[in-house]
Amino acid sequence: PARKDRRAKVRKAKNAKIFPRPAAGLLRPAVRPPTQRYNMKLRLGKGFTIEELKEAKVPKKLARTIGIAVDHRRRNKCVESLQRNVERLKAYMSKLVIFPKRSGKKGVKKGD
């Protein structure tokens with residue numbers, strides 16, 4: 001099927017274009033859906049809570065700039081989900097590579 005091939009090519013080209021950045025978009029938290037029917041599963045939420053960011057030692061202003069979704073309305077109801085998302089953030093931060101904005105010694109910050 002030609003359309004399937006075309007879509008695959010476009011996806012591949014887009015991934016190559018944005019290369020060092022994640023192809024899936026912003027990093028999102030793992031949350032449980034609300035109702036009894038679905039709450040045994042995990043899905044991706046809208047964004048990490050301020051508390052999760054604090055635990056992972058990620059400033060909330062920096063989070064958006066390095067590809068982490070933030071949702072200031074979400075609350076943590078249990079320690080398990082908080083820890084799960086903090087681990088997710090820490091894993092992401094350990095693999096994250098930040099390129100300096102400008103070349104030369106003045107453009108390089110600590111951690112770049």
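Two residues are said to be in contact here when heavy atoms of theirs lie within 4.5 Å. Ser 81 gives a starting example: leaving out residues up to four places away in sequence, it touches Glu 52 and Asn 76. The structure is a predicted model, and the values that follow are computed from it.

The overall fold comes next. The chain holds 4 helices and 2 strands, and along the sequence these follow the pattern α-β-β-α-α-α. Its radius of gyration is 18 Å, whereas a compact globule of 112 residues would have one near 13 Å. The C-alpha trace spans about 50 × 50 × 20 Å along its principal axes. Of the 112 residues, 25% count as buried. The accessible surface comes to about 9,500 Å², and carbon and sulfur atoms account for 56% of that surface. Among contacts with a separation of 6 or more, 50% are between residues 24 or more positions apart.

Thr 49 shows how one loop residue sits within this fold. Thr 49 belongs to the loop that runs between strand S2 (43-44) and helix H2 (50-55). Is Thr 49 buried or exposed? Its relative accessibility is 2%, so Thr 49 counts as buried, the cut-off for that class being under 20%. When neighbours within four places in sequence are set aside, the contacts of Thr 49 are Asp 71, Arg 74, Arg 75 and Asn 76. Another pair can be described by distance: Lys 61 is 12 residues from Thr 49 along the chain, and 13 Å separates their C-alpha atoms.

A second loop lies between H2 and helix H3 (60-65), and Lys 57 is found there. Lys 57 has a positive phi of about 60°, although it is not a glycine. Lys 57 counts as exposed because its relative accessibility is 72%, and the cut-off for that class is over 50%.

Helix H4 carries two residues to look at in turn. Ser 81, the residue of the opening example, lies in this helix. With a relative accessibility of 15%, Ser 81 counts as buried. One of its contacts, Asn 76, is also among the contacts of Thr 49.

The other residue, Met 93, is in helix H4 as well. How does its accessibility class come out? Met 93 is partly exposed, because its relative accessible area is 29% and that class covers values between the cut-offs of 20% and 50%. Not counting residues up to four places away in sequence, Met 93 touches Val 58, Ile 66 and Ile 68. Leu 27 is 66 residues away from Met 93 along the chain, yet their C-alpha atoms are separated by 11 Å.

The last feature is a pocket. Rolling a probe the size of a water molecule over the atoms shows where empty space is left. The second largest pocket holds about 390 Å³ of space. It is lined by 13 residues, and those closest to its centre are Val 31, Arg 32, Arg 74, Arg 75 and Lys 77. Two of these names, Arg 74 and Arg 75, have already appeared as contacts of Thr 49. Which element gives the most to the lining? Helix H4 (residues 79-95) does, with 3 residues. By character, the lining residues divide into 7 charged, 4 nonpolar and 2 polar.

Methods
Residues numbered from 1 in each chain as written. Predicted model: local features only at pLDDT ≥ 70, side-chain atom pairs only at ≥ 80, totals over all residues. Heavy atoms only, no water. Buried < 20%, exposed > 50% of the residue type's maximum accessible area, 1.4 Å probe, protein only. 1 Å grid on protein atoms, 1.4 Å probe; cavity = no way out; pocket = protein on both sides within 12 Å on 5 of 7 lines; lining within 4 Å. Points joined across faces, edges and corners; volume = space filled by probe spheres on them. Nonpolar A, V, L, I, M, F, W, Y, C, P; charged D, E, K, R; others polar. Rg over C-alpha atoms; globule rule 2.2 N^0.38 Å. Areas by Shrake-Rupley, 256 points an atom, 1.4 Å probe, with all protein chains shown as cover.
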